[in-house]
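Hi,

Here is the structure I promised to pass on. Have a look at it first, and then read on for what turned up when I went through it.

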Amino acid sequence: MTVSISIVGASGFTGGELLRLLVRHPNVNVHQVTSRQYAQKAVYRAHPTLRGATDLRFVPPDALEPCDVLFLCLPHGESSKDWTRYERMAPRVIDLSADFRLTDEKQYETYYGQPHPRPDLLQRFEYGLVEIGRERLVRATHVAVGGCNATASILGLYPLFEAGVAQLTRTVVEVKVGSSEGGAMSTEGSHHPIRSGVVRSYKPTSHRHTAEIEQALGMHGAVQVHLSITSVELVRGALATAHVFLNEPISEKDVWQLYRNCYMHEPFIRIVKERQGPYRYPEPKLLAGTNICDIGFERDPQSNRLVVISAIDNMMKGAAGQAVQALNTMMGWPETAGLDSIGLHPS
Ligand SMILES: NC(=O)c1ccc[n+]([C@@H]2O[C@H](COP(=O)([O-])OP(=O)(O)OC[C@H]3O[C@@H](n4cnc5c(N)ncnc54)[C@H](OP(=O)(O)O)[C@@H]3O)[C@@H](O)[C@H]2O)c1
């Protein structure tokens with residue numbers, strides 16, 4: 001079975017990554033890709049690695065035609081602004097922005113500083129992380145892909161909160177993230193970290209992804225997570241270090257068992273915890289271009305703290321890869337279709 005898909009915002013980082021995956025996907029025919037800046041131009045003009053991989057050209061957004069599945073890779077606020085038009089284009093929509101991730105409009109207002117423009121749509125979307133919502137995604141027609149910092153954090157923490165071993169309000173998460181998180185159309189000009197190599201602090205408190213993490217981990221607002229984000233000298237990758245305070249002392253062996261029980265059958269999650277060698281803990285550079293999340297942990301022998309480390313490629317498991325995994329799940333295809341690449345080493 002082949003479905004036709006189109007991508008709105010395909011000249012950007014996540015749109016380009018999605019296109020890279022979907023031109024090789026066995027069940028997909030890419031119908032249209034939009035860009036205002038590159039309209040009529042070959043896609044390799046924006047995404048040079050696609051030279052020779054496809055003959056597609058960008059079309060302007062107003063030339064969009066109906067298709068089976070529409071992907072929206074737009075800046076914050078744009079999907080909800082033009083929703084009436086996009087909704088008519090396809091029976092299934094996968095949105096990569098933050099517009100439809102939160103189910104609670106009050107939380108949206110708190111973290112995004114304004115009322116949600118279309119609160120009526122919030123219950124229609126399912127959160128895109130397959131590992132924590134496979135059953136719901138099988139039935140979904142509309143998907144909101146999780147944010148990259150949130151994805152790394154949630155996957156690292158989920159087994160502990162599911163098992164009820166973590167204290168509900170004391171978890172501290174620090175995410176170090178690459179510059180591609182900011183998108184290709186950054187307004188920071190020559191100071192953009194990709195071009196300048198600048199390393200700088202980013203968001204010590206009140207990061208918007210906090211709401212997503214708490215929503216995914218907590219029943220009825222019971223969980224509080226303290227999140228900080230720092231951009232580091234890396235183009236792709238997100239590395240979350242979470243400090244979890246346990247309700248009661250449990251051994252590392254028990255922690256292993258918890259993670260094993262939760263993720264044993266997951267094709268994109270690996271537990272990385274070695275006693276020796278240079279690759280003892282998750283390393284985002286090794287995951288570039290893959291849909292994998294690596295998770296490691298260490299029990300603090302002096303306290304009831306458990307340190308959990310999780311790594312992803314922000315544009316893959318944190319965006320386009322997660323979107324394709326959700327598509328595969330919705331369509332009943334093998335979850336790994338179009339996503340079976342192995343990381344690069346050395347990189
Ligand atoms: N980068 C990441 O790691 C990451 C991870 C997870 C989620 N996300 C989310 O994914 C979304 C896209 O991020 P990105 O990094 O791909 O951004 P980006 O590189 O800036 O790309 C945005 C794209 O949207 C198009 N666009 C902008 N305004 C538009 C409008 N009004 N109508 C139609 N097209 C428009 C732009 O192309 P033209 O100007 O040529 O039309 C461009 O192709 C964001 O909401 C972001 O928060 C990003």
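To start with the overall picture: the chain has ten helices and 14 strands. Its radius of gyration is 20 Å, close to the 20 Å that the globule rule gives for 347 residues, so the chain is as compact as a globular protein of that length. Do keep in mind that this is a predicted model.

If you want a feel for the dimensions, the C-alpha trace spans about 60 × 45 × 45 Å along its principal axes. Of the 347 residues, 54% count as buried. Looking at contacts with a separation of 6 or more, 69% of them come from residues 24 or more positions apart.

On the outside, the accessible surface comes to about 15,800 Å², and carbon and sulfur atoms account for 50% of that. As for charge, there are 35 positive and 36 negative side chains in the chain. The centres of those two sets lie 4 Å apart.

Now for a few places to zoom in on.

Helix H4 covers residues 105–112, and its N-terminal end is capped by Asp 104. There, a side-chain oxygen of Asp 104 lies 2.8 Å from the backbone nitrogen of Lys 106. After H4 comes Gly 113, which has a positive phi, near 75°.

Next, take a look at Asn 27, in the loop between helix H1 (13–22) and strand S2 (28–34). Is Asn 27 buried or exposed? Its relative accessible area is 15%, and buried means under 20%, so Asn 27 counts as buried. A polar atom of the Asn 27 side chain lies 3.3 Å from the backbone oxygen of Met 1. Met 1 also appears in the contact list of Asn 27, along with Thr 2, Val 3, Trp 333 and Ala 337, once neighbours within four places in sequence are left aside.

The last stop is Gln 322, which sits in helix H10 (residues 316–331). With a relative accessibility of 0%, Gln 322 counts as buried too. So what is Gln 322 in contact with, leaving aside its neighbours within four places in sequence? The list includes Met 316 and Lys 317, and H10 runs over residues 316–331. Also on the list are Gly 128, Leu 129, Val 145, Gly 146, Thr 151 and Asn 291.

That's the tour. Happy to go through any of it with you.

Cheers

Definitions and conventions:
Residues are numbered from 1 along each chain as its sequence is written. This is a predicted model: local features need pLDDT of at least 70, side-chain atom pairs count only at pLDDT 80 or more; totals for chains, interfaces and linings use all residues. Side-chain values use heavy atoms; hydrogens and water are left out. Helices (H or I, at least four residues) and strands (E, at least two) are DSSP runs, numbered from the N terminus. The radius of gyration is taken over C-alpha atoms; the globule rule is 2.2 Å times the number of residues to the power 0.38. Buried means under 20% relative accessible area, exposed over 50%, partly exposed in between (1.4 Å probe, protein chains only). Contact means heavy atoms within 4.5 Å. Accessible areas come from the Shrake-Rupley method with a 1.4 Å probe; for residues, only the protein chains shown count as cover. Lys and Arg count as positive and Asp and Glu as negative; His and the chain ends are not counted. The place of a charge is taken as NZ of Lys, CZ of Arg, CG of Asp or CD of Glu. A polar contact is a pair of N or O atoms within 3.5 Å; within protein, one must be able to donate a hydrogen and the other to accept it, and residues adjacent in sequence count only if both atoms are side-chain atoms.
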